[in-house]
Amino acid sequence: MKHKLPAILEKSGLLILFLAVAISLPVSGCSKKHKSSRGGGGGGGGGTGTGTGTGTGTGTGTGTGNIGDADALDLTWGVEENASQADLEYMADRIRTHNNSLWTGTEGQACLRDQTLVNNSSQGDVIIQSIKGPKSNPIGWCMSTSGGWQITLVTGTVNSQIFMHELGHGWVGPFNGEEYSCVNDGVCVQAASMGAGGTEGLIKWCDPDTCVQSQECWNIMLQNHNWDHPGPGGAPPACNVTIQ
Ligand SMILES: [Zn+2]
Ligand SMILES: [Zn+2]
């Protein structure tokens, strides 16, 4: 028993130290349930963060919003071909566009935070068969895996509606069925399929007021995520893509 007391004291000391650190952290805006572990910024080419490494940072990147309470996905993207550096950079841009789309579609409640794009790889949360490859039918799909889900896109050139549709199956709903009939251009991303889904950037999920089929996607999203509808919106936060 001789060791017990010092051990408890040590733990209490650590706890107090931890609380002191936590309390002294700068608070930026809202309370956070998913903290970014880095400084913000880095988006739009040339932004540099000044993160403290302990929670919130103060980014100086242009055009980047605050991650706030949003759910941040850190995904690995595997490119199944030996892609050129130029194509990898093109793909990184596509991923940043998808981040904006996810942010818009979830009304400021989810984003792609730290993404890893791996050349010559068949592993990851998202598989790109060929970055500039041709479109074929199906153009993408989402499978359940032991770890959750995995999306495959036959080409990296798909517009955001296709990626959002697949992410809808994997995570946003998740939606188990297709709702290709909830069309009405722009009503619902789950209606996006080859050649449909409206202009790039027109990212919405249907709700009881807009659904023209029966899924009423937002009802499922509200059930499975701690989100609001309408959500807080705002400018999308930075999406960092690391090419490997
Ligand atoms: Zn829908
Ligand atoms: Zn619908």
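Helices here are DSSP runs of at least four residues and strands are runs of at least two, numbered from the N terminus. Read that way, the chain goes α-β-β-α-β-β-β-β-β-α-α-β from its N terminus on. Bear in mind that this is a predicted model. Two spots are worth a look: the site of the zinc ion (ligand 1), with its four donor residues, and Gln-190, a residue that touches two of those donors, Glu-179 and Cys-217.

**The chain as a whole**

- You'll find 4 helices and 8 strands in this chain.
- Of its 244 residues, 41% are buried.
- Take the contacts with a separation of 6 or more: 68% of them are between residues 24 or more positions apart.
- The accessible surface adds up to about 12,400 Å², and carbon and sulfur atoms own 53% of that.

**The zinc site**

- Four residues hold the zinc ion (ligand 1): Glu-179 through OE, plus Cys-188, Cys-206 and Cys-217, each through SG, at 2.1 to 2.7 Å.
- The geometry comes out tetrahedral, with angles of 91 to 122° among the 4 donor atoms.
- If you want to pick the donors out along the chain, look for the spacing E-x8-C-x17-C-x10-C.
- There's a second metal as well: the zinc ion (ligand 2) sits 3.3 Å from the zinc ion (ligand 1), and Glu-179 coordinates both.
- Glu-179 and Cys-206 are 27 residues apart, yet both belong to the loop between α3 and α4, and the pair links distant parts of the chain.
- Glu-179 has just 1% relative accessibility, so it counts as buried, the cut-off being under 20%.
- Cys-206 is at 0% relative accessibility, so this donor counts as buried too.

**Gln-190 and its surroundings**

- Gln-190 lies in the loop between α3 (160-172) and α4 (217-224).
- Despite being in a loop, Gln-190 has a relative accessible area of 0% and is therefore buried.
- Its side chain makes a polar contact of 2.9 Å with the side chain of Trp-205.
- Leaving out residues up to four places away in sequence, Gln-190 touches Met-164, His-165, Gly-168 and His-169, among others.
- Also among the residues that Gln-190 touches are Phe-175, Tyr-180, Trp-205 and Gln-215.
- The zinc donors Glu-179 and Cys-217 are on the contact list of Gln-190 as well.

Terms used. Residues numbered from 1 in each chain as written. Chains lettered and ligands numbered in written order. Predicted model: local features only at pLDDT ≥ 70, side-chain atom pairs only at ≥ 80, totals over all residues. Heavy atoms only, no water. Buried < 20%, exposed > 50% of the residue type's maximum accessible area, 1.4 Å probe, protein only. Polar contact = N/O pair within 3.5 Å; in protein donor to acceptor, adjacent residues only side chain to side chain. Contact = heavy atoms within 4.5 Å. Donors = N, O, S within 2.8 Å, 3.2 Å for Na, K, Ca; no water. Tetrahedral: all angles 85-135°; square planar, octahedral: opposite > 155°, others 65-115°. Areas by Shrake-Rupley, 256 points an atom, 1.4 Å probe, with all protein chains shown as cover.
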